[in-house]
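Here is a short report on charge contacts, aromatic pairs and unusual backbone spots. Keep the sequence at hand while reading.

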Amino acid sequence: MTITEADVIPRDIARSALSALTLPEPPLLSLHSDGVVLIYGRDMRAIEAGQRLAETLDVTVLLSDTTTITIPAPLPFPVARGCVASATGHFGAYEVVVDGFAPPRPAADGGVAFGVLRDGAVSRCDLILDLSGEAPLFPAHEARDGYLKADPLVAEAVSAKIAEAGELVGEFDKPVYVAYRKELCAHSRSGITGCTRCLDACAMEAITPAGDHVTIDAHVCAGCGNCAAVCPTGAATYTLPTVDVQLDRLRTLLLEYRAAGGRDAVVLFHDGYVGGPLIEAIGDALAPNVLPFPVNEIKQIGLESLAAALAYGASAVRILARREPRNGIVTLGATVALAADAAKALGYGDGACGIVHADEPAEVLFGLAQQPLGTPSPEPASFKPVGTKRGLLELSLGMLHQVAPAPVPVVALPAGAPFGAVDVDVDGCTLCHSCVTACPTGALSAGEDRPMLRFLESACVQCGLCEATCPEDVITLRPQLDFAAWASPRKTLKEEEPFCCINCAKPFGTKSTIERVIAKLEGSHWMFSGENARRLDAIRMCEDCRVEAVLNEGIDPYAGAQRPRTRTADDYKTDPVQ
C-alpha cells in the first residue's frame, strides 16, 4: 500500500497537539551520597576495582574467598573477608549483614592477614558494587539505585559499572513516582488481610504491610507504576504524570486525529528507553493510523487508560514491550486481558487491546500487522477527565459502556477483578454489621434508623474483607461490571423490624435476634430462671437502660446459683434421716 502525504496529515496534527501539552513536574526526593562504596567480590578483580575507585570514593572491599589470592600491601582501603547474608536499604543508606566476617590485620611478612571470624557483622555504605558473580542481593536489582552488579568475567561490564560508581557522589533528585493516601487503602482491617494487589505487583519489594494499610518506600521505588495501575481504591496514584493528565493527553490526541479526518486510530503506548528508539527507527514506515503515545513506564498503564482510549474512538490500543521485559509484565498483561474481555463483551471486537512484543523495528511492524483492529465506537466520547483515580476509572468504564458498539448491562469478570457485587444469604445474616465495620470503601453500610444492610456496587473493590470478616460466613464475592448498578443508588440487601426498648422505646437490635436470645435463655440459665425470670427484661432494654437496671438491682454476673445452706450438728439431731 502506498502511503501519501494526505494519509499522515491527521497523525501529524494529532502528535503536534500532543507535544504542545506541557507535563507538570512530579514531586522530588533528595538523596545524598558521601561516596562510601562496598565492593563485594571473590578475587583480585574486586581489589583492582577498588584501586580504580580509591581516588574518588571511600572504598571497602569484601572478599568471599581469600584462599586462592595474595592480597598486595599496602592498599589505600581495607580488605575484609566474609559473605553477604542479607542487604537492605537504598542508595545513600545501604546496610549489609556479613557472616564469616574477618577484619584485616597486618601480617608478619608485611602483607594482609585476617582476624577471628564472626557472623552478623554490619557494614553501612552509600552504594554497593557487586562483582561476586553470585545471585543478586536485591530483587529487580537492575532498577535499584546505587546497587551496581556486573559479571566479574566480563571486563567491559565491570569497567562500565566502575565508571558509573565513580559518579555517585553528592546530592541527587529522584522523582516520587507514587503518591499514596493510606486512608483509602483496603489492605487490612482488624488483623484480617484484604487487598494485596500492590504487594503482589511490586517487583522491587518497596511496599510492605503496616497494619490496616501499606507503606511505600519512595527511596526504593523504581517507578514501574505497577502498584498504581492495579490499586482499586486510588490509594496509590502515579505522578509521572497523574491519571487525569494522562487521560487528558489521550483525549487531545484522539480528538485532534478524528477532527483532522483520521480513521481507525491505533494508540501505541510506549516508553522512552525501549519503545521510543524503536519508533524513531521505524520512521515513515509506521502505518499512518498508528498514534504513538509516550509514557514514563508501560507498567503504569491502568484499566482507565485503556478504556478511555477506546471510548475516545480508538479502533485498538497496543502496548509496545520488549520480547523479554525486564522484571516482567505479568501485572500489565492481566490488566490488558481484563480490558480486552470487557471491550469484547461490549462489542469492540477481539482486537481492541493487546501487547506487541518486539526488540527490532521490523518486529514492531509485524506485531502491529498481525493483530486485527477492533470495532470503534460509532459515536466516540469527548468527556473531560476530571477527578480522582477511582472516579476516573469509573468514568472511563462508564463512557466505554455508553458509547459501546453493542452495550450489555452486565459484564462478568474473572476472580480478582476490582469491581463487582456481594451476594448475601439473607436467611443466615444476623445484621451484626461486622462487614460494614470492615468495608474500607463504604460500599457496605448500615441503616440510619432501622436494622438493615445496604450496598453500593460502584464503591466495591472486591477486597474480600467483608467475606473474610462475616462471622456467619454468608457473604460471597461476584466480580462483574454492572453498569445499571453503578448508576443506581444504594440497594438494601436485608432489612428487619427493630426491637424497641421496653423502658425508653428506643429501637435497638433486630426483633428476631432479641426474641431468639430470649428463647435460648428462658428457663435454661439460672440467672433467668424461676424468681430471676424478671431479669430477661434486661435483654429487652437498650444498652443505656440495661446498665441502669443491672446497677439498680445489683446483679453480679459472676456469681453462681445460690449455694445450699450449710448443715450443722443440730440439723442431724432433729432430722437424722437426712
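Strands here are DSSP runs of at least two residues, numbered from the N terminus. By that rule R454 lies in strand β25, residues 452-455. The model is predicted. R454 counts as partly exposed because its relative accessibility is 28%, and partly exposed covers what falls between buried, under 20%, and exposed, over 50%. R454 and G464 are ten residues apart in sequence. Their C-alpha atoms are 17 Å apart in space.

**Salt bridges**

The structure holds 16 salt bridges. Three of them are listed here, with N to O distances.

| Basic residue | Acidic residue | N to O distance |
|---|---|---|
| R45 | D43 | 2.7 Å |
| K174 | D145 | 3.4 Å |
| R478 | D423 | 2.7 Å |

Take R45 and D43 to begin with. Their side chains meet at 2.7 Å, N to O. R45 is partly exposed, with a relative accessible area of 35%. D43 is buried, at 15%.

Next comes the bridge between D145 and K174, at 3.4 Å. This pair links distant parts of the chain, 29 residues apart. D145 sits in the loop between β9 and β10, and K174 in strand β11. Is K174 buried or exposed? K174 is buried, with a relative accessible area of 7%. D145 counts as partly exposed, at 34% relative accessibility.

The bridge between R478 and D423 has an N to O distance of 2.7 Å. R478 belongs to strand β26 (residues 475-482) and D423 to strand β23 (residues 420-424), so this pair ties together parts that are 55 residues apart in sequence. Both partners are partly exposed: R478 at 34% relative accessibility, D423 with a relative accessible area of 27%.

Some bridges join into a network. K506, E543 and D544 are linked in this way.

**A negative patch**

Which residues form a negative surface patch? They are D34, D58, E171 and D173. D173 has its place in strand β11, which spans residues 170-175. K174, of the bridge to D145, is in strand β11 as well. D173 has a relative accessible area of 58%. It counts as exposed because that value is over the 50% cut-off. K174, in contrast, is buried at 7%.

**Aromatic pairs**

A search of the whole structure finds nine aromatic pairs. One of them joins Y94 and F138. Their ring centres are 5.5 Å apart, with 45° between the planes, and the pair is tilted. Y94 lies in strand β5 (residues 93-102). F138 lies in the loop between β9 (127-131) and β10 (147-149), so the pair ties together parts that are 44 residues apart in sequence. Y94 and F138 are both buried. Y147 joins Y94 and F138 in one aromatic cluster.

The loop between β9 and β10 thus appears twice in this report. It holds F138 of the aromatic pair, and it holds D145 of the bridge to K174.

F499 and F508 form another pair, with ring centres 5.8 Å apart. Their planes stand at 80°, so the pair is edge-to-face. The cut-off for that label is an angle over 60 degrees. F499 counts as buried at 13% relative accessibility. F508 is buried too, with a relative accessible area of 11%.

**Backbone spots to check**

What is the form of the peptide bond from L240 to P241? This bond is cis, with omega near 0°. P241 lies in the loop between β17 (236-238) and α6 (243-259).

E205 has a positive phi of about 55°, although it is not a glycine. Its place is the loop between α4 (197-201) and β15 (207-210). E205 is exposed, with a relative accessible area of 58%.

L431 also has a positive phi of about 55°, and it is not a glycine either. L431 lies in the loop between β23 and α12 (434-438). Strand β23 is where D423 of the bridge to R478 is found. L431 is buried, with a relative accessible area of 9%. So the two positive-phi residues sit in opposite settings: E205 is exposed, whereas L431 is buried.

Key:
Residues are numbered from 1 along each chain as its sequence is written. This is a predicted model: local features need pLDDT of at least 70, side-chain atom pairs count only at pLDDT 80 or more; totals for chains, interfaces and linings use all residues. Side-chain values use heavy atoms; hydrogens and water are left out. Patches are made of residues with over 30% relative accessible area and no salt bridge: like charges are joined within 9 Å, nonpolar side chains (Val, Leu, Ile, Met, Phe, Trp, Tyr) within 5 Å. Accessible areas come from the Shrake-Rupley method with a 1.4 Å probe; for residues, only the protein chains shown count as cover. A salt bridge is a side-chain nitrogen of Lys or Arg within 4 Å of a carboxyl oxygen of Asp or Glu. Lys and Arg count as positive and Asp and Glu as negative; His and the chain ends are not counted. The place of a charge is taken as NZ of Lys, CZ of Arg, CG of Asp or CD of Glu. Helices (H or I, at least four residues) and strands (E, at least two) are DSSP runs, numbered from the N terminus. Buried means under 20% relative accessible area, exposed over 50%, partly exposed in between (1.4 Å probe, protein chains only). Rings of Phe, Tyr and Trp (its six-membered ring) pair if their centres lie within 6.5 Å; planes under 30 degrees apart count as stacked, over 60 as edge-to-face and the rest as tilted.
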